[in-house]
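Me: Could you take me through this structure by giving the reasons behind the terms used for it? I would like each label set against the criterion that earns it.

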Amino acid sequence: MLFRSGVNLVAINNSWGGTSFDSNMLAAINAAGDAGILFVVAAGNGSANHATSPDYPSDYQCTNGGTRGWDCLISVAATDTMGNLAWYSDYGATAVDLGAPGSGIVSTLPGSRYGSLSGTSMAAPHVTGAIALCASINGTLTPAQIRDIIMGTTTANLSLAGKSVTGGRLDIGSMASACHAGGIPTQPGRTTAPTVAVGNRTMTVSWT
């Protein structure tokens, strides 16, 4: 982590996008990753598939050309009030990592006001805040471990399947439990967390 003026900086929120590739910007993002800072970005609001329409900074890979061993960038799609991929949100099976609430979010406005806004710019801060929460729960976790926990504890959603890396949306409760435990609990011999389906009177736990 980077300590400056007594501040433990664990994540940077970037609610902006729509730029073209820039090597200087990528170098700056990589510098953040080298300092142990996760770089969270809004995926974009053009209903675009990043597989065919790349968008930056969402589509940068913060791995220092693969030499660091983990990617410091997390790209966030927006979900609607039902938890599904919002109609306006960009997506991408390999470029957009997960979804988070982005529709009808109460936020600050110019002039010391508050209002309801929608967009991936509303979704990204949820993930940035989740990173800070995880770091506060367990200060021994590395940035790479926090990223793995957030990505590995998402709630699966059909609207995000094939349209994001995780196929799911941010799950703060599961994330917090995993942060406290120091990682994602797994069944012996397995490498993934369980999927739980809850009915009216029964609960089925299965492993992928």
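Reply: What follows is a set of questions and answers on a predicted model.

Me: What does the secondary structure of the protein chain come to, and how much of the chain counts as buried?

Reply: The protein chain has 4 helices and 12 strands, and 43% of its 208 residues count as buried. Its accessible surface comes to about 10,700 Å², of which carbon and sulfur atoms account for 55%.

Me: Why is Cys-62 called buried?

Reply: The term buried requires a relative accessible area under 20%, and Cys-62 has 0%, so Cys-62 counts as buried. Cys-62 lies in the loop between β4 and β5, and, leaving out residues up to four places away in sequence, it touches Ile-29, Asn-30, Gly-33, Arg-68, Trp-70, Asp-71, Cys-72 and Leu-73. With Gly-33 the C-alpha separation is 6.7 Å, although the two residues are 29 apart along the chain.

Me: Why is Thr-154 counted as buried, and what does Thr-154 touch?

Reply: Thr-154 has a relative accessible area of 18%, which is under the 20% cut-off, and therefore counts as buried. Thr-154 is in the loop between α3 and β9, and among the residues that it touches are Leu-98, Thr-166 and Leu-170. Leu-98, in strand β6, is also buried, with a relative accessible area of 0%. Besides Thr-154, the contacts of Leu-98 include Val-76, Val-127 and Ile-150, and its C-alpha lies 7.3 Å from that of Met-151, a residue 53 places away in sequence.

Me: Why is Ile-137 described as partly exposed, and which surface patch includes Ile-137?

Reply: Partly exposed covers the range between under 20% and over 50% relative accessible area, and Ile-137, at 33%, falls in that range and is therefore partly exposed. A patch requires over 30% relative accessible area, and Ile-137 forms a nonpolar patch on the surface with Leu-133 and Ile-172, the three having about 210 Å² of accessible area together.

Me: How do you know that the span of α2 is close to what is expected of a helix?

Reply: Helix α2, which runs over residues 120–137, has 18 residues and reaches 26 Å from its first C-alpha to its last, close to the 26 Å expected at 1.5 Å a residue. While Ile-137 is partly exposed, the buried residues of α2 include Met-122, Val-127, Ile-131 and Cys-134.

Me: What makes up the largest nonpolar core, and which element gives the most to this core?

Reply: Membership requires buried nonpolar residues joined through side-chain atoms within 4.5 Å, and the largest such core has 38 residues, those with the most contacts inside it being Val-76, Val-127, Ile-131, Ile-146 and Ile-150. The elements that each supply at least two residues of this core are α1, β4, β5, β6, α2, α3 and α4. Of these, α2 gives the most, with 7 residues. Apart from this core lies another, of 6 residues, among them Ala-43, Leu-85, Tyr-91 and Leu-160.

Me: What makes α3 largely enclosed by the rest of the structure?

Reply: Helix α3 is largely enclosed because 7 of its 10 residues are buried, namely Pro-143, Ala-144, Ile-146, Arg-147, Ile-149, Ile-150 and Met-151. The cover over these buried residues includes β4, β5, β6, α2 and α4.

Me: How many salt bridges does a search of the whole structure find, and why does the pair of Asp-34 and Arg-68 qualify?

Reply: The search finds 2 salt bridges. Between Asp-34 and Arg-68 the closest N and O atoms are 3.0 Å apart, within the 4 Å limit, and the pair therefore qualifies. Asp-34 lies in helix α1 and Arg-68 in the loop between β4 and β5, so the pair ties together parts that are 34 residues apart in sequence. Arg-68 is itself counted as buried, at 18% relative accessibility.

Me: Why is the pair of Arg-147 and Asp-97 also called a salt bridge?

Reply: The closest N and O atoms of Arg-147 and Asp-97 are 3.7 Å apart, which is again within 4 Å, so the pair is a salt bridge. This pair links distant parts of the chain, since Arg-147 is in helix α3 and Asp-97 in the loop between β5 and β6, 50 residues apart. Arg-147 counts as buried with a relative accessible area of 11%, and Asp-97 counts as buried with 6%.

Technical notes:
Residues are numbered from 1 along each chain as its sequence is written. This is a predicted model: local features need pLDDT of at least 70, side-chain atom pairs count only at pLDDT 80 or more; totals for chains, interfaces and linings use all residues. Side-chain values use heavy atoms; hydrogens and water are left out. Patches are made of residues with over 30% relative accessible area and no salt bridge: like charges are joined within 9 Å, nonpolar side chains (Val, Leu, Ile, Met, Phe, Trp, Tyr) within 5 Å. Accessible areas come from the Shrake-Rupley method with a 1.4 Å probe; for residues, only the protein chains shown count as cover. A salt bridge is a side-chain nitrogen of Lys or Arg within 4 Å of a carboxyl oxygen of Asp or Glu. Buried means under 20% relative accessible area, exposed over 50%, partly exposed in between (1.4 Å probe, protein chains only). The expected span of a helix is 1.5 Å times one less than its number of residues. Contact means heavy atoms within 4.5 Å.
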